[in-house]
Protein chains: 2
Amino acid sequence: MELGLVGLGRMGANMARRLTRGGIAVVAFNRNAEVTQALAKETGLRAVDSLEALIAALAPPRVVWLMLPAGDVTEQHVDVLASQLAKGDVLVDGANSFYKDSMRRGTALAKRGVAFVDAGVSGGVWGLENGYALMLGGEVTAVARLKPAIGVLAPARDRGWLHCGPVGAGHFTKMIHNGIEYGMMQAYAEGFALMKARANFNLDLGAIAEMWRHGSVVRSWLLDLTAEFLAKDQELKEIAPFVADSGEGRWTALEAVEQGVPAPVMSLALMMRFASQGGDEYAGKLLAMMRKGFGGHGVKTDQES
Amino acid sequence: MELGLVGLGRMGANMARRLTRGGIAVVAFNRNAEVTQALAKETGLRAVDSLEALIAALAPPRVVWLMLPAGDVTEQHVDVLASQLAKGDVLVDGANSFYKDSMRRGTALAKRGVAFVDAGVSGGVWGLENGYALMLGGEVTAVARLKPAIGVLAPARDRGWLHCGPVGAGHFTKMIHNGIEYGMMQAYAEGFALMKARANFNLDLGAIAEMWRHGSVVRSWLLDLTAEFLAKDQELKEIAPFVADSGEGRWTALEAVEQGVPAPVMSLALMMRFASQGGDEYAGKLLAMMRKGFGGHGVKTDQES
């Protein structure tokens, strides 16, 4: 199987490595040509220096897989490729795109006879070694065309990937996956924070995380990772308590609102990230002022806190 | 090693099985003597019919392990045993007891020269097969006395158990473990509920859970269980949406309040269980009345809802 890969960032580059190791002929384009050349040397993939060259290098019917940042960059590339791909080609978006954007793109491409597949890809930097969990949305025939590549990217040919449903269903499933991830991470973080704070027990958080990995109800891959870094450092003095968020946590909260289905823990985990980013500061100042106003309670100035 | 076991419920009986298989000589007492007799036949443990007989059957210095419901039942047995055990004996509480109760019991027993070890035990009904994660609090010498039994109960001699710290530290760690479990479970439940509600994608929740088990960031033992039952039934029509809670979720929330350390997701997961138990109903009625009061909005009667 031959596959055109656009985007060789952290995810894309490792996927190129896994694909080429698995016998997939990869033609790759990346904004920075040096990255493409270096990866060509390392993996034997064929480097091209433009989207046009990528299209020209692939024999129709083509499969082009985008691994770009979700949002504008992906949108622009889908737009350009929409005019260059031909009937029968398949365009895959492996970014963490909003599923409604994917549905819109799928509809637009379908009008030109190009099949769109939205691929939610999980596995992070560990995917190269362990394989990527793949959540796919699209027509049966389009997903079938991807099977050789899916079999190589996934943890195994017969597991760790799923054709979830029509266009949009892949990114939707990945969005929910990430929403769950937010909630799980927050739960672990709160638990370890409570143990850290109970100083009289002088608990070894790294040893507890390691122990929980075996036979406990909370064992998980996220705990495996947590145990690994807590074994080295449980004070975390060098780390700022700032937790970034990406689109999927926000979209999960919006989905709950749109459906009228409660997802309080997922949403609160997101809100706690906003708080960690400083988004709670103005509210905190206001609350301090209210306490002063109705109770004469003292306030800290910004210098004291 | 010889060990006296009190309580042969779901947990205690399976622990007796695992202990006897592992070569530990178990002397057991259970309120219902038929249960003890049946288990004696099955496992070769020695059945006794009273706490007094248990004490008499064990050669000092004794190890007695309680696997009773936390609260009054455990309290009563600790009280009785406090007067019957002798200096040098070790009393283990394997219930999900509140860690402050364990600290109090440990102090009281220490005055009589009896060492107390609080053991948080995780693994549920799967512990017999996979082993039990054991979180232990107590003096080094007391925990050392338990090592042969711990090695048999745990998933392996060298892992899945930890001497966490002084008396109380075992049950404290188990309490936090369960608090994390509440948050994780709620996160998964919300995610699957959002997928179920997005009917246009007609997602196969069992297949998604199974796929996530391989290579995804949210893979965990709780997900393994979820995949197993969703594979059989994802409508859950026979199941009432009532989620019980036990002490440890509540104590984790109290711990957060006592420490002034936020644990919002754990606490909210607990509150959502209260809501599932109907605890949100009066507030819901009041809110409906407020909306009627200030906006003239209609209310549903209890018959309509």
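**Sheets, chain interface and local features of the predicted model**

In strand β3 of chain B, Arg46(B) is the bridge partner of Val27(B). The structure is a predicted model in which local features need pLDDT of at least 70 and side-chain atom pairs count only at pLDDT 80 or more, whereas totals for chains, interfaces and linings use all residues; side-chain values use heavy atoms, with hydrogens and water left out. Residues are numbered from 1 along each chain as its sequence is written, while chains are lettered from A and ligands numbered from 1 in the order in which they are written.

Strand β2 of chain B (residues 25-29) and β3(B) are joined by 3 bridges and run in the parallel sense. Strands here are DSSP runs of E with at least two residues, and helices are runs of H or I with at least four, numbered from the N terminus; two strands pair if DSSP finds at least two bridges between them. In chain B, 8 strands form an open sheet of mixed pairing, in the order β3-β2-β1-β4-β5-β6-β7-β8. The edges are occupied by β3 (46-48) and β8 (161-165) of chain B, each with a single partner strand, so one side of each is left without a neighbour in the sheet. From one strand to the next, the twist averages 25°. Helix α1 of chain B (residues 10-21) packs on this sheet and touches β1 (2-6), β2, β4 (63-66) and β6 (115-122), its direction making about 165° with that of β1(B). Helix α5 of chain B (residues 99-110) also packs on the sheet, where it touches β5 (90-93) and β6, with a direction at about 155° to that of β6(B). Contact denotes heavy atoms within 4.5 Å; axes are lines fitted to C-alpha atoms, for helices over the stretch in contact, and angles run from 0 to 180 degrees between N-to-C directions.

Chain A likewise holds an open sheet of 8 strands with mixed pairing, ordered β3-β2-β1-β4-β5-β6-β7-β8. Its edge strands are β3 (46-48) and β8 (161-165), each of which pairs on one side only. The twist in chain A averages 25° from one strand to the next. Helix α1 of chain A (residues 10-21) packs on the sheet against β1, β2, β4 (63-66) and β6 (115-122), at about 165° to the direction of β1(A). Strands β1 (residues 2-6) and β2 (residues 25-29) of chain A run parallel and share 5 bridges; Leu5(A) has Ala28(A) as its bridge partner in β2(A). Helix α9 of chain A (residues 169-197) lies across β5 (90-93), β6, β7 (133-137) and β8, running at about 15° to β6(A).

The two chains meet in an interface where 68 residues of chain B are in contact with 67 residues of chain A. About 5700 Å² is buried between them, 76% of it on carbon and sulfur atoms. Leu194(B), Phe201(B) and Val217(B) supply 14% of the area that chain B buries against chain A, more than any other three residues. Buried area is the accessible area (1.4 Å probe) lost by two parts on being put together, summed over both.

Salt bridges (a side-chain nitrogen of Lys or Arg within 4 Å of a carboxyl oxygen of Asp or Glu) number 28 over all chains. Arg17(A) and Glu42(A) form a salt bridge at 2.5 Å, N to O. This pair links distant parts of the chain, with Arg17(A) in helix α1 and Glu42(A) in helix α2 (residues 33-43) of chain A, 25 residues apart. Across the interface of chain B and chain A, 4 salt bridges are found. Glu258(B) and Arg198(A) are joined through their side chains by a salt bridge of 3.2 Å, N to O.

Most residues other than glycine have a negative phi, and most peptide bonds are trans. Leu236(A), although not a glycine, has a positive phi of about 55°; Leu236(A) is found in the loop between α11 (221-232) and α12 (247-259) of chain A. A cis peptide bond with omega of about -5° joins Pro60(A) and Pro61(A), and Pro61(A) lies in the loop between α3 (51-57) and β4 of chain A. In chain B, a cis peptide bond joins Pro60(B) and Pro61(B), with omega of about -5°.
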